[in-house]
Amino acid sequence: MSGEPRVTIRDVASRAGVSRAAVSLAFNNKPGVSESTRARILDVARSMGWEPNRSAQAMKRSGTGTVGLAICRPARQLGLEPFYMEFISGIESVLSEHSSALLLRLVRDVGEEIELQRHWWRSGQIAGSVLVDFREDDPRVPELSRLGLPAVAVAHPSLAGPFTAMWTDDGSAVAEAVRYLAALGHTAIARVGGAAGLGHSAIRTAAFTRTLRELGLDADLQLATDFSGEHGARATRVLLSRASRPTAIMYDNDLMAVAGLSVASEMGLRVPQDLSLLAWDDSQLCTLTHPTLSAMSHDVHTFGADVARSLFALLAGDDGVSRPVQTPVLTPRGSTGPSPRRTA
């Protein structure tokens with residue numbers, strides 16, 4: 001990918017009018033140049049966009065090197081979210097094959113991530129990055145592609161710009177789930193979604209709305225959350241407190257579905273006799289509940305490994321090929337059953 005190149009010792013030496021050896025001594029804070037010359041070299045370097053890599057020697061690597069991953073999640077929530085734990089383990093399984101490492105950081109917002117990725121790349125701390133949680137018109141696309149940062153986007157290509165995109169076919173999976181619940185007789189189907197601004201949430205929202213309208217059903221029972229169990233529980237209470245409550249609820253992750261199951265019990269509803277619940281991702285959480293949770297299943301560990309392999313291929317000089325990696329498939333379990341309105 002073309003873009004803004006890293007500043008090299010040769011570049012700084014030419015601009016400062018000194019030897020490359022002098023620049024190396026200044027960068028590494030070693031004797032051999034005067035303090036005034038060192039200061040001038042560093043000023044020139046910074047004006048050219050260079051940033052010091054304090055850990056360069058410790059992180060010196062062969063082959064393709066360290067991979068960056070920045071995630072916009074509170075640390076406590078990330079530790080509870082099965083998707084990212086599985087996804088990261090899949091990436092790590094490939095990194096170990098390459099004697100490489102993952103540089104993981106949690107960020108507050110997309111602006112902080114842009115600055116972090118810029119620093120990582122310019123200072124030579126990473127060979128490339130995995131980019132996640134894309135938004136429509138994501139500001140990372142123009143900023144990071146301008147840098148020339150090699151990266152794989154975990155996103156639909158409509159969101160990823162020039163980056164190699166890898167994604168799960170969420171639209172088809174949502175349509176399958178809605179049609180399955182409708183076949184069970186459910187006519188009031190709700191969805192507890194993720195953050196509305198995220199691209200994959202928008203894709204799921206559109207597929208949910210489109211499929212319900214094709215079936216002649218109300219498509220307005222959707223609530224956006226932050227993917228946390230707390231927000232999932234709150235959204236479930238709102239839906240179940242309606243005068244005409246839904247008889248089936250889909251959740252955008254398994255953590256919220258587990259929270260929803262607890263709320264149903266709290267409100268005196270039996271699952272699946274009174275209410276059917278359907279989760280996304282299908283981690284081990286879904287098989288530890290009672291009843292076990294029906295889910296849209298995909299192999300998140302393998303997904304992470306495929307993303308990492310795609311990045312290493314990109315770093316090796318192969319042209320990045322955007323492709324859907326998986327389509328989640330329905331795994332019915334004990335939390336879904338016929339609509340109580342059909343059996344009444």
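This note covers one sheet and one helix of a predicted model.

1. Residues are numbered from 1 along each chain as its sequence is written. Because the model is predicted, local features need pLDDT of at least 70 and side-chain atom pairs count only at pLDDT 80 or more, whereas totals for chains, interfaces and linings use all residues.

2. Six strands (DSSP runs of E, at least two residues, numbered from the N terminus) form an open sheet with mixed pairing in the order 7-6-8-9-10-12, where pairing requires at least two DSSP bridges between two strands. Strand 7 (222-224) and strand 12 (329-331) stand at the edges with a single partner strand each, so one side of each has no neighbour in the sheet.

3. Within this sheet, strand 8 (residues 248-251) and strand 9 (residues 276-281) run parallel and are joined by three bridges; Ile-249 has Leu-277 in strand 9 as its bridge partner.

4. Helix 6 (residues 110-122), a helix being a DSSP run of H or I with at least four residues, has 13 residues and spans 18 Å from its first C-alpha to its last, close to the 18 Å expected at 1.5 Å a residue, the expected span being 1.5 Å times one less than the number of residues. At its N-terminal end Asp-109 acts as a cap, with a side-chain oxygen 3.2 Å from the backbone nitrogen of Gly-111, and the helix is followed by Gly-124, whose phi is positive, near 75°.

5. Buried residues of helix 6 (under 20% relative accessible area, 1.4 Å probe, protein chains only) include Ile-114, Leu-116, Trp-120 and Trp-121. The buried residues of this helix pack against strand 1 (67-71), strand 2 (102-106), strand 3 (128-131) and helix 7 (140-147), with contact meaning heavy atoms within 4.5 Å.

Note on methods: Heavy atoms only, no water. Buried < 20%, exposed > 50% of the residue type's maximum accessible area, 1.4 Å probe, protein only. Polar contact = N/O pair within 3.5 Å; in protein donor to acceptor, adjacent residues only side chain to side chain.
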